[in-house]
Amino acid sequence: MPGRLDTTTPLTTHDGAPVEVRRSARRRRTVAAFWENGTAVVAIPAHFSRAQEADWVHRMLEKLRTQGEKRSSGTGRRPSSDAALAAHAAQLSARYLGGRSAPTSVRWVSNQNSRWGSATPADGSIRLSDKLRPMPQWVIDYVLLHELAHLLVAGHNAAFWKLLEAYPETERAKAFLEGVSFAASRGLPAGAAEPGL
């Protein structure tokens, strides 16, 4: 039986993502937290009091936050604004591409349903699908590096893939995105993007 904390303002994470509290009669003692389509979900036993609910929601949101920071490979908070994303892109370019890829703009977009990201070398712009937002930071970093590399090499030739060799999560992130795309094509998770970069 789904539920929410009884508050006058919508519950959000530290960086503004929505939070949903789900009460379950089948859940007796365990509490879980996970991301689902950009929403932080906290699953608790149905018998919890409002005080227990508030305490556990706070604990589990903190756990999700620290897990996200650990996965970000030391880069700090997840870039949520376009300005933060552009600054993060500059850090990734400096670290993995010798600073050679310098986009003129980097932004989140909601109109990319068939790609995780895209780059336009002619004007130096990069766009990332907002469907990436709930994914692990190392996956977002891979897609961002992929698009940064496209500003240097347009196609997917050997020179392009050579640029991504320095990023240690390239193969893992590619496999992750292939798995998400495969599941989406089978109708498993709602809101996942279609295959392709």
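Which residue in β7 is the bridge partner of G117? In β7, G117 is partnered by L128. That pair is a handy way into this predicted model, and the rest of the report works outward from there.

**The chain as a whole**

The protein chain holds 5 helices and 7 strands. Read from the N terminus, its elements follow the order β-β-β-β-α-α-β-β-β-α-α-α. Of its 197 residues, 39% count as buried. If you look at contacts between residues at least 6 apart in sequence, 46% of them join residues at least 24 apart. The surface the chain exposes comes to about 10,500 Å², with carbon and sulfur atoms supplying 53% of it.

**The sheet of β5, β7 and β6**

The bridge between G117 and L128 belongs to the pairing of β6 with strand β7 (residues 125-129), where 4 bridges join the two and the strands run antiparallel. These strands are part of an open sheet of 3 strands, ordered β5-β7-β6, with mixed pairing. At its edges stand β5 (105-109) and β6 (117-120), each with a single partner strand, so one side of each is left without a neighbour in the sheet. From one strand to the next, the twist averages 15 degrees.

The loop between β5 and β6 contains N113. Is N113 buried, exposed or partly exposed? Its relative accessibility is 46%, so N113 counts as partly exposed. N113 also makes a nice reference point for distance: D130 is 17 residues away from N113 in sequence, and their C-alpha atoms are 9.6 Å apart in space.

**Helices across the sheet**

Two helices lie across strands of this sheet. Helix α2 (residues 82-96) lies across β5 and β7, and runs at about 130 degrees to β5. Helix α3 lies across β5, β6 and β7, running at about 155 degrees to β7.

Let us stay with α2 for a moment. Its buried residues are L85, H88, A89, L92, S93 and Y96. They cover an arc of only 140 degrees around the axis, which puts them on the same side of α2. The general rule behind such a pattern is that an α-helix has 3.6 residues a turn, so residues three or four places apart point the same way. The buried residues of α2 pack against β5, β7, α3 and α4 (158-163). On the face of α2 turned away from the buried side you will find the exposed residues A83 and A94. Just after α2, G98 takes a positive phi of about 65 degrees.

**Helix α5**

Which residues of α5 are buried? They are T170, A173, L177, V180, S181, A183 and A184. Seen down the axis of α5, these residues fall within an arc of 165 degrees, so they line one face of the helix. Among what covers them is α3 (137-150). The exposed residues E171 and E178 sit on the face of α5 turned away from its buried side. Just after α5, G187 has a positive phi of about 75 degrees.

The table sets out the spans of α2 and α5, from first C-alpha to last, beside the expected values.

| Helix | Residues | Length | Span | Expected at 1.5 Å a residue |
|---|---|---|---|---|
| α2 | 82-96 | 15 residues | 21 Å | 21 Å |
| α5 | 170-185 | 16 residues | 22 Å | 22 Å |

In α2 the span is close to the expected value, and α5 is likewise close to its own.

**Strands β2 and β4**

Back toward the N terminus, strand β2 (residues 19-24) pairs with β4 in the parallel sense over 6 bridges. Along this pairing, V19 stands opposite A40 in β4, and V21 has V42 of β4 as its bridge partner.

What are the covered and uncovered faces of β2? The covered face consists of V19, V21 and R23, while E20, R22 and S24 make up the uncovered one. In general, the side chains of a regular strand alternate between the two faces of the sheet.

How many residues of strand β4 are buried? For β4 (residues 39-45) the count is 7 of the 7, so the strand is largely enclosed by the rest of the structure.

Definitions and conventions. Residues numbered from 1 in each chain as written. Predicted model: local features only at pLDDT ≥ 70, side-chain atom pairs only at ≥ 80, totals over all residues. Heavy atoms only, no water. Buried < 20%, exposed > 50% of the residue type's maximum accessible area, 1.4 Å probe, protein only. Pairing = 2+ DSSP bridges. Expected span 1.5 Å × (residues − 1). Arc of directions from axis to C-beta. Contact = heavy atoms within 4.5 Å. Areas by Shrake-Rupley, 256 points an atom, 1.4 Å probe, with all protein chains shown as cover. Axes fitted to C-alpha atoms, helices over the stretch in contact; angles between N-to-C directions.
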